[in-house]
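Colleague: Could you take me through one residue and its surroundings, with the cut-offs spelled out as you go?

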Amino acid sequence: MFASTARHPLRLAGERALSTTPARSNKLPTLGNITHSQANSATFKSRLQSFRQSLADQKKAASQPTAASAATPGGASGSSGDVPKGGIVKSILYGSEKGQREEAEMEQSYSKVLARGKYVHAIEIHNVKPEAQKEYVKLVGSVYPEVAANKENNCHLVGSWKTEIGDPDTFVHIWEYQGYAGYHNTLHRLTQSPVHQAFTESLPPLLNARRTDLMQEFSFWPTSPPRSLGGIFELRSYTLHPGNLLEWETHWRAGLAARRNVMEGVGAWFTQVGALNNVHYLWQFHDLRERQVAREKSWGEKGWSGTVHKTVPLIQKMESRILVPLPWSPVS
């Protein structure tokens, strides 16, 4: 059932490249493993620059026209603007084709309007008994990477982290599935695996509580492919007042450019099943000092203060967790 493969750290043209590393260390990561120094900060920034350049090169390569597309003449769609075939009477009775399209778009669900739609993400939050953390890491580390590496499963592991500041003894895992069909297919395959059946029996005694929510990524912020930059992560979770998700997305889409100038994002998701009206953003920094500097610099970026001013009234509750990656996490 399970097969181990090497990690492919970058996304290929037209393909989502997410998998997992075969690392099997059972050592619990902590903030104490990270030291602040100018040299370490410079190393983190150098890795980040290389990672961004690699993504830009792949995007450029993917956008190059193929011979088939280059041979297709432009403007051959047969569109005649806003005038429907039925003439002006049909336009008056039913509205223009453009107007009908816009109305249909307005009636679409949040998943159509806000999300990229191709992927479904699951966030698993496990509250582990303090005395069982080492056993938990050993157990999960022997199963999750293998599930993600098996190409017959319709899923990838985005990352696995341990909470250091926020709610201690809590571990966070984010999975990516090939749509809801991929989610069902993966769960069905796992139920047929004796290894996974043993895992599902061994896990509950190690936990105090757990929950799983299904999410979709915002269209303006694709989830990062695997990368190893080092440092820490911040998971910021917002509970919005019902009915405000579309407005939230509009303001954040405009303000994200300002944030990206000074901070490195991993992904942004909104819940579809489970705890609704929740939004999760995942950021990566070298350390807490670099996080402080980046957040202070944000206020000097054009458009950021306006984004905060417009989105704060939409928030019902917010929470911040500082995370460190587990040894097998593809994003680390």
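Modeller: Glu 234, once neighbours within four places in sequence are left aside, is in contact (heavy atoms within 4.5 Å) with Tyr 281, Leu 282, Trp 283, Phe 285, Arg 291, Arg 295, Ser 320, Arg 321 and Ile 322. This is a predicted model, in which local features need pLDDT of at least 70 and side-chain atom pairs count only at pLDDT 80 or more, while totals for chains, interfaces and linings use all residues. Residues are numbered from 1 along each chain as its sequence is written, and side-chain values use heavy atoms, with hydrogens and water left out.

Glu 234 lies in strand E5, residues 232–240, where strands (E, at least two residues) are DSSP runs numbered from the N terminus. Glu 234 counts as buried because its relative accessibility is 0%, buried meaning under 20% relative accessible area with a 1.4 Å probe and protein chains only.

Two of the residues it touches also appear as polar partners, a polar contact being a pair of N or O atoms within 3.5 Å, of which, within protein, one must be able to donate a hydrogen and the other to accept it, and residues adjacent in sequence count only if both atoms are side-chain atoms. The side chain of Glu 234 makes such a contact with the side chain of Arg 291 at 2.9 Å, and another, of 2.6 Å, joins the side chains of Glu 234 and Ser 320. Taken together, the surroundings of this buried residue include Trp 283 and Phe 285 as well as Arg 295 and Arg 321.

Definitions and conventions: Helices (H or I, at least four residues) and strands (E, at least two) are DSSP runs, numbered from the N terminus. Buried means under 20% relative accessible area, exposed over 50%, partly exposed in between (1.4 Å probe, protein chains only).
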